[in-house]
Structures are given as structure tokens and as C-alpha cells.
Amino acid sequence: MSEMDRRGFLARGWKASVAAIAGAGIWTSWDALRPRLPAGFGTKIKTIAADAVPEDDVVEVPQARAYLTKVKGEVVALSEVCSHLGCRVPFCESSGQFECPCHGSVFNRAGDFISGPAPRGMDMYAIEIVDGIVEVNTDEFITGTAPGTETINEPARGPSCTESSHG
Ligand code: FES
């Protein structure tokens, strides 16, 4: 190998090592920061008996990242991921509504948009009832209802959980 070939070979090897280290660093950062989805997410997830889903409250099913409730007697699965920018939306027991802590979007128990910056109601998942058990299909996403939709007429039943933090 001539001196020039040797230098070219060493320079290429050095660049390849730097690229490999940078690539490993980027992968490690992405792996550490990417959102963790519950095991089984993206498939049909067996949850609870349809009979156990409340008519006037919600039940969280963390493995499906969803809430179950009944709307006009039918079970619905609402995605707990805010339709605004993706924060987890908790259900406020005192108001009986979903209240996003990030930018204050509010949704009623059926997931209809009430107020805030969210562009629509809460998104949903398709469900199936198999042998009396609700299966949430986390692979079949249903876009939330348009603002102005009133699937149920349930005004806030009490004080908001986030009012104090949003003035
Ligand atoms: S992420 Fe929920 S209101 Fe912005």
C-alpha cells in the first residue's frame, strides 16, 4: 500500500468510526425518549365485561390507553391521547368531564369537544363485545366528533379539576 493509499484508507476508517458512534448515540437517545406504548398496543385488547362499563362515569383501561363509558347504552372507547397535541387527558370526577392539563381543552363524558384549543372531540377506538367482554381494537382509530357535536347533554356536574391552574 502506498503512503497516499494508506492515508486515504485511515481517513475513511476514521470517518466511518465517527459516523458509527454518532449513529449509536442518536439511536440510544431515540430509544430512551420515544413514547412507550403498553404491551399489546396496536392489537385487540380484552378489557372488562360490557356490563361493568358505567353509564354516567368512565373506566380507564391503561393497556389500551383508553377510557370506556356508555353513550346511549352503547360502549365506546375514547383514546386518552388529547386531539390537540397528544397529552394524556384525565377524567375529572368532580366536573364529570375530561380536562386536558396541557392547554385546557375540555371534553364531555362522550368525548365531545366543549372548549379549548383542541380541533375536535376525543378520538376513539373501534370495539367489539366478545362473550360479554369489551375488546378494544387499538389498531382501528375513529376520528373524534367535530366541534359543536353534542352526542350527550351532560353539562359539568361540579367544579373543574384544572380551573385553578388556568386562572
Ligand atoms: S394537548 Fe390537550 S389541550 Fe393541548
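Glu154 is partly exposed, with a relative accessible area of 29%. This residue of the predicted model offers a convenient point of entry, since Glu154 forms a salt bridge with Arg109, in which the closest N and O atoms are 2.7 Å apart. Glu154 belongs to the segment after strand 10 (133–142), whereas Arg109 sits in the loop between strand 7 (106–107) and strand 8 (113–115), so the pair ties together parts that are 45 residues apart in sequence. The two partners differ in their surroundings: Glu154 is partly exposed, while Arg109, at 3% relative accessibility, counts as buried because the limit for that class is under 20%.

The surroundings of Arg109 deserve a further look. Its side chain makes a polar contact with the side chain of Thr69 at 2.6 Å, and another with the side chain of Glu154 at 2.7 Å. Leaving aside neighbours within four places in sequence, the residues in contact with Arg109 include Glu55, Asp56, Asp57 and Val58. Also among them are Lys70, Leu78, Phe91, Phe98 and Ile152. Several of these residues return below, as the description turns to the strands.

The loop that carries Arg109 lies between strand 7 and strand 8, and these strands belong to an open sheet of four strands in the order 5-6-7-8, with antiparallel pairing. Strand 5 and strand 8 stand at the edges of this sheet; each has a single partner strand, so one side of each is left without a neighbour in the sheet. Strand 7 and strand 8 themselves pair in the antiparallel sense over two bridges. Within that pairing, Val106 stands opposite Ser115 in strand 8. As a general matter, strands of a sheet pair through backbone hydrogen bonds, either parallel or antiparallel.

Thr69, the polar partner of Arg109, leads to the other sheet. Here six strands form an open sheet in the order 1-10-9-4-3-2, and the pairing is again antiparallel. Its edge strands are strand 1 (44–49) and strand 2, each of which pairs on one side only. On average, neighbouring strands of this sheet are turned by 35 degrees against each other, direction ignored.

The pairings within the six-stranded sheet can be followed from strand to strand. Strand 3 (residues 66–71) is joined to strand 4 by six bridges, and the two run antiparallel. Thr69 has Val76 in strand 4 as its bridge partner. The loop between strand 3 and strand 4 contains Gly73, a residue that is partly exposed, with a relative accessible area of 44%. Gly73 and Glu55 are 18 residues apart in sequence, yet their C-alpha atoms are 7.1 Å apart in space. Glu55 is also one of the residues in contact with Arg109.

From strand 4 the path continues to strand 9 (residues 124–130), to which strand 4 is joined by two bridges in an antiparallel arrangement. In this pairing Leu78, another contact of Arg109, stands opposite Met124 in strand 9. Strand 9 is joined in turn to strand 10 by seven bridges, and these two strands also run antiparallel. Ala126 has Asn137 in strand 10 as its bridge partner. The hairpin of strand 9 and strand 10 has two residues between the strands, and Asp131 in this hairpin takes a positive phi near 50 degrees.

The description closes with salt bridges. A search of the whole structure finds six of them, one of which is the pair of Glu154 and Arg109 already described. Another joins Arg88 to Glu60, with the closest N and O atoms 3.1 Å apart. This pair links distant parts of the chain, 28 residues apart: Arg88 lies in the loop between strand 4 (74–79) and strand 5 (91–92), and Glu60 in strand 2 (residues 59–61). Both residues are partly exposed, Arg88 with a relative accessible area of 40% and Glu60 with one of 33%.

Arg88 also forms a salt bridge with Glu80, where the closest N and O atoms are 3.7 Å apart. Glu80 is buried, with a relative accessible area of 6%. Through shared partners, salt bridges join Glu60, Glu80 and Arg88 into one network.

Methods: Residues are numbered from 1 along each chain as its sequence is written. This is a predicted model: local features need pLDDT of at least 70, side-chain atom pairs count only at pLDDT 80 or more; totals for chains, interfaces and linings use all residues. Side-chain values use heavy atoms; hydrogens and water are left out. A salt bridge is a side-chain nitrogen of Lys or Arg within 4 Å of a carboxyl oxygen of Asp or Glu. Buried means under 20% relative accessible area, exposed over 50%, partly exposed in between (1.4 Å probe, protein chains only). Two strands pair if DSSP finds at least two bridges between them. Axes are lines fitted to C-alpha atoms, for helices over the stretch in contact, and angles run from 0 to 180 degrees between N-to-C directions. A polar contact is a pair of N or O atoms within 3.5 Å; within protein, one must be able to donate a hydrogen and the other to accept it, and residues adjacent in sequence count only if both atoms are side-chain atoms. Contact means heavy atoms within 4.5 Å.
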